[in-house]
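This report describes the fold of one protein chain, moving from a single residue to helix packing and sheets. Please consult the sequence and the structure shown below while reading.

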Amino acid sequence: MRYKSLLHPLAFVVSVAVVATALLIPSAAAGAAPITVAQAIGQQNGASATVRGYVVGQPTATSTVVRSGFPSDYALALADSPGQTATGQMLYVQITSSFRAQWGLRTNPSLLGRQLDVTGPLGAYFSHPGLTSPTAFAFAGASPPPTTTVRPTTTVRPTTTVRPTTTVRPTTTVRPTTTTSAPGGGYDETYYRAAVGKSGTALKTALNGIVRNQTKLGYDQVWEALKVTDQDPANSANVILLYSGRSQAKTTNGGNANDWNREHVWAKSHGDFGTATGPGTDVHHLRPEDVSVNANRGNKDFDTGGSAAGEAPGNYTDADSWEPRDAVKGDVARMLFYMAVRYEGGDGWPDLEMNNAVNNGTAPYHGRLSVLLQWNALDPPDAFEKRRNQVIYESFQHNRNPFVDHPEWATSIWG
């Protein structure tokens, strides 16, 4: 064997690479045999499984699945029979960015009626039995899955290169495991006790009573807070910019070109609260962003469409709206939902409310609500957003964004 390896070094290198790749690539066929959709609906416990089912449409709400005119590549519904129309017999599957080109229904409408094997953790999606953050897609019985080349490891599951999972998070002191494994981040029996079980206006009122108890920061203090809350998990000297997704040195904060500054996700002119202590300095909706990108977004409401936004790949804008990149669509929605619950008038601050309009100007409203509810469902909280919520709670304001812990509460209040 030693003589052969000397004669054929390339063959040896290739064989080693093949073995190594096989060890790293997740496979839908690996492990236990696929389970049925009915079994998956009954096993919504967060454990990973491979589910076999027919594509029967795209979920657009908790009880709505469309079978044509698919609006996006973000989700699909599986059932145990190709003709199933009862949403209660369907499993809603999130399609993260790595898989959308091949498995999204807007791009691939011919998938309707095909039988797939999908692997990932079983958990609620659109407040409905689902499978989120998938690790593999394949046509039923295919081995290896055709898309495995875009999911190179099992420990890192980002939708973009700057949104890694908790396996690389350096700040372990603010990410206790008990806050991520239980519903409501583990706070339902304590922090959210007064809200659990409520819905609609009663839920909104209860949440306001909870989150209004906070430590308020001055506007200068926000600089230092953002350097911690939005720290790049792969480089502790940098922050991640919200819209552009760029990792940038913490020390480059300021007002010059290519610096980063403090973006008010709820535009400060919508209610005319400026940078006064309160809504103007609430870190739950303040994020680092490139100075020119921040200016481009301005005070626009959020909606879909427009032209590509300069210096912010994946973002789009027109005269009255801004569409953020896919990886932070849900983050944006949940920050706005927080603001509408936290600031209900009083203390000299405006009563901030959601509406279904754009071009809200100086009125204390932000929209477009229907689009933001979709983004909340399509882009559930990831590790970066959950950690951020925890850092704000433990180290700065000592209150939480309830929609990061309970995304389904947005639908309960506004859906």
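Does Leu242 count as buried or exposed, and at what relative accessibility? The answer is taken up under the first heading.

## A residue in a loop: Leu242

The structure discussed here is a predicted model. Leu242 lies in the loop that runs between strand 9 and strand 10. Its relative accessibility is 0%; buried means under 20%, and Leu242 therefore counts as buried.

The surroundings of Leu242 can be listed by residue. Not counting residues up to four places away in sequence, Leu242 touches Val265, Arg287, Pro288, Glu289, Arg325, Val328 and Met335. A further reference point is Val293, which is 51 residues from Leu242 along the chain, with 9.9 Å between the two C-alpha atoms.

## The chain as a whole

The protein chain contains 13 helices and 20 strands. Of its 415 residues, 51% count as buried. Among contacts between residues at least 6 apart in sequence, 64% join residues at least 24 apart.

## A residue in a strand: Gln58

Gln58 belongs to strand 1, which covers residues 48–61. The relative accessible area of Gln58 is 1%, and this residue is therefore buried.

Leaving aside neighbours within four places in sequence, the contacts of Gln58 are Thr64, Val65, Val66, Phe70, Pro71, Ser72, Tyr74, Ala75, Leu76 and Leu105. One of these partners, Ala75, is 17 residues from Gln58 in sequence, and the C-alpha atoms of the two residues are 5.8 Å apart in space.

## Helix 9 and its two partners

Two packed helices are described by the angle between their axes and the distance between the axes. For helix 6 (residues 200–211) and helix 9 (residues 329–342), the axes come within 8 Å and cross at roughly 85°. Helix 6 is therefore roughly perpendicular to helix 9. On the side of helix 6, the meeting residues are Lys204, Leu207, Asn208 and Val211, and on the side of helix 9 they are Tyr338, Ala340, Val341 and Arg342. By class, this contact of helix 6 with helix 9 comprises 5 nonpolar, 1 polar and 2 charged residues.

Helix 9 also packs with helix 10: their axes come within 7 Å and cross at roughly 120°. With that angle, helix 9 is oblique to helix 10, and the crossing is left-handed. Helix 9 contributes Lys329, Gly330, Val332, Ala333, Arg334, Leu336 and Phe337, which meet Leu369, Leu372, Leu373, Trp375 and Asn376 of helix 10. The residues of this contact fall into 8 nonpolar, 2 polar and 2 charged.

## Burial of helix 10

Helix 10 spans residues 369–378 and is mostly covered, with 8 of its 10 residues buried. The buried residues are Leu369, Val371, Leu372, Leu373, Trp375, Asn376, Ala377 and Leu378. Leu369, Leu372, Leu373, Trp375 and Asn376 thus appear both among these buried residues and in the contact with helix 9.

## Helix 7 against helix 11

Helix 7 (residues 219–229) packs with helix 11 (residues 383–396) at an angle of about 135°, and their axes are 9 Å apart. The two helices are therefore oblique to each other. Their crossing is right-handed.

In this contact, helix 7 supplies Ala225, Leu226, Val228 and Thr229, while helix 11 supplies Phe384, Arg387, Arg388, Val391, Ile392 and Phe396. These residues divide into 7 nonpolar, 1 polar and 2 charged.

## Two open sheets

One open sheet consists of 3 strands in the order 8-9-10, with antiparallel pairing. Its edge strands are strand 8 (231–232) and strand 10 (247–249), each of which pairs on one side only. Strand 8 runs antiparallel to strand 9 (residues 235–240), and 2 bridges join them. Within this pairing, Asp232 stands opposite Asn235 in strand 9.

Another open sheet has 4 strands in the order 13-16-15-14, and its pairing is mixed. Strand 13 (301–302) and strand 14 (307–308) are the edge strands, each pairing on one side only. Strand 13 and strand 16 (residues 321–323) run parallel and are joined by 2 bridges. Phe302 has Trp322 of strand 16 as its bridge partner.

Conventions:
Residues numbered from 1 in each chain as written. Predicted model: local features only at pLDDT ≥ 70, side-chain atom pairs only at ≥ 80, totals over all residues. Heavy atoms only, no water. Buried < 20%, exposed > 50% of the residue type's maximum accessible area, 1.4 Å probe, protein only. Pairing = 2+ DSSP bridges. Axes fitted to C-alpha atoms, helices over the stretch in contact; angles between N-to-C directions. Parallel < 35°, antiparallel > 145°, perpendicular 65-115°, else oblique. Left-handed = near helix turned anticlockwise from the far one by under 90°. Contact = heavy atoms within 4.5 Å. Nonpolar A, V, L, I, M, F, W, Y, C, P; charged D, E, K, R; others polar.
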